[in-house]
Amino acid sequence: MNRDEAIERVEEILAAVEDETMPVPVRELWVYGDVALGLDPVERLDVYVTKDILLRGDDGDAAERFRKSHGVEGVGKTVRAAWAEEYPEFIRANDSGHVAPEKCLAAHLLPEDEPVHLEVCNSSFEDNVTQRLKGAIEREAYEQILDPRGVCLWAEGQRSDEALRKLRESELAFPTLPDALEMLGMDEDETDEAARAVESYRKRQEGATVRGDVV
């Protein structure tokens with residue numbers, strides 16, 4: 001998508017998180033990669049959401065109601081019952097039939113036919129970048145690295161209008177991905193290979209995609 005379209009999509013996602021009921025509480029919203037770097041066109045729009053885990057069910061009867069009506073488990077326990085009542089068309093489950101918060105968020109926030117990737121985790125963007133890099137190095141699975149060049153647009157219920165303005169006007173400056181990975185502690189002789197793996201993985205993705213992670 002061209003950059004204007006990508007920024008418009010970012011603003012729509014941000015507005016939904018800000019104004020609409022989400023399947024789970026959203027604590028942070030970041031964008032990273034191409035759109036943060038100011039590229040035009042944006043090959044893929046990368047969005048990161050930090051979610052809170054529902055520790056207590058918000059509706060004891062919802063699970064049974066939605067088990068009968070939609071054939072899924074966990075409504076009112078894993079995702080908010082109020083959300084499921086308002087947006088039943090966005091309910092998504094994993095292969096075992098249990099509602100999957102990351103898939104529900106993707107269905108709610110992303111158009112299916114656009115090149116947008118959503119990362120969903122209970123950990124903050126910065127913490128997850130570090131954890132994913134550590135794991136990728138240990139397993140030599142560099143395609144799992146999370147690009148650290150990100151911009152926080154929403155945190156703890158507050159939108160950053162200044163960050164959004166800088167994003168819109170391409171005022172943000174970031175190092176290359178190899179340099180960014182080296183700053184995070186990766187050996188210099190591995191950074192180029194890791195950056196190529198990340199880019200290759202991204203190019204193989206099509207349409208809207210989502211990855212859920214728990215740290």
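**A hairpin, a mixed sheet and a negative patch**

In this predicted model, strand 4 and strand 5 form a hairpin in which two residues lie between the strands, and Glu156, in the turn, has a positive phi of about 50°. The two strands of this hairpin, of which strand 5 covers residues 158-159, pair in the antiparallel sense over two bridges. Within this pairing, Trp154 has Arg159 in strand 5 as its bridge partner.

The hairpin belongs to a wider arrangement, in which six strands form an open sheet in the order 5-4-1-2-3-6, with mixed pairing. The edge strands of this sheet are strand 5 and strand 6 (209-213), each of which pairs on one side only. Strand 4 (residues 150-155) also pairs with strand 1 (residues 26-32), in the antiparallel sense and over five bridges. In this pairing, Cys152 of strand 4 is the bridge partner of Trp30. Strand 1 is in turn joined by six bridges to strand 2 (residues 45-51), and these two strands run antiparallel; Glu28 stands opposite Thr50 in strand 2. As a general point on such elements, the side chains of a regular strand alternate between the two faces of the sheet.

The loop between helix 6 (125-139) and strand 4 is the place of Ala141. With a relative accessible area of 13%, Ala141 is classed as buried, because this value falls under the 20% cut-off. Ala141 and Val198 are 57 residues apart in sequence, and their C-alpha atoms are 9.6 Å apart in space.

A further feature is found on the surface, where Asp179, Glu182, Asp187, Glu188, Asp189 and Asp192 gather in a patch of negative charge. Two helices, helix 8 (177-183) and helix 9 (188-203), each supply at least two residues of this negative patch, and the largest share, three residues, comes from helix 9. Glu182, one of the residues of the patch, is found in helix 8. The relative accessible area of Glu182 is 33%, so this residue is partly exposed; because patches are made of residues with over 30% relative accessible area and no salt bridge, the value of 33% for Glu182 meets the area cut-off.

How values were computed:
Residues are numbered from 1 along each chain as its sequence is written. This is a predicted model: local features need pLDDT of at least 70, side-chain atom pairs count only at pLDDT 80 or more; totals for chains, interfaces and linings use all residues. Side-chain values use heavy atoms; hydrogens and water are left out. Patches are made of residues with over 30% relative accessible area and no salt bridge: like charges are joined within 9 Å, nonpolar side chains (Val, Leu, Ile, Met, Phe, Trp, Tyr) within 5 Å. Accessible areas come from the Shrake-Rupley method with a 1.4 Å probe; for residues, only the protein chains shown count as cover. A salt bridge is a side-chain nitrogen of Lys or Arg within 4 Å of a carboxyl oxygen of Asp or Glu. Lys and Arg count as positive and Asp and Glu as negative; His and the chain ends are not counted. The place of a charge is taken as NZ of Lys, CZ of Arg, CG of Asp or CD of Glu. Helices (H or I, at least four residues) and strands (E, at least two) are DSSP runs, numbered from the N terminus. Buried means under 20% relative accessible area, exposed over 50%, partly exposed in between (1.4 Å probe, protein chains only). Two strands pair if DSSP finds at least two bridges between them.
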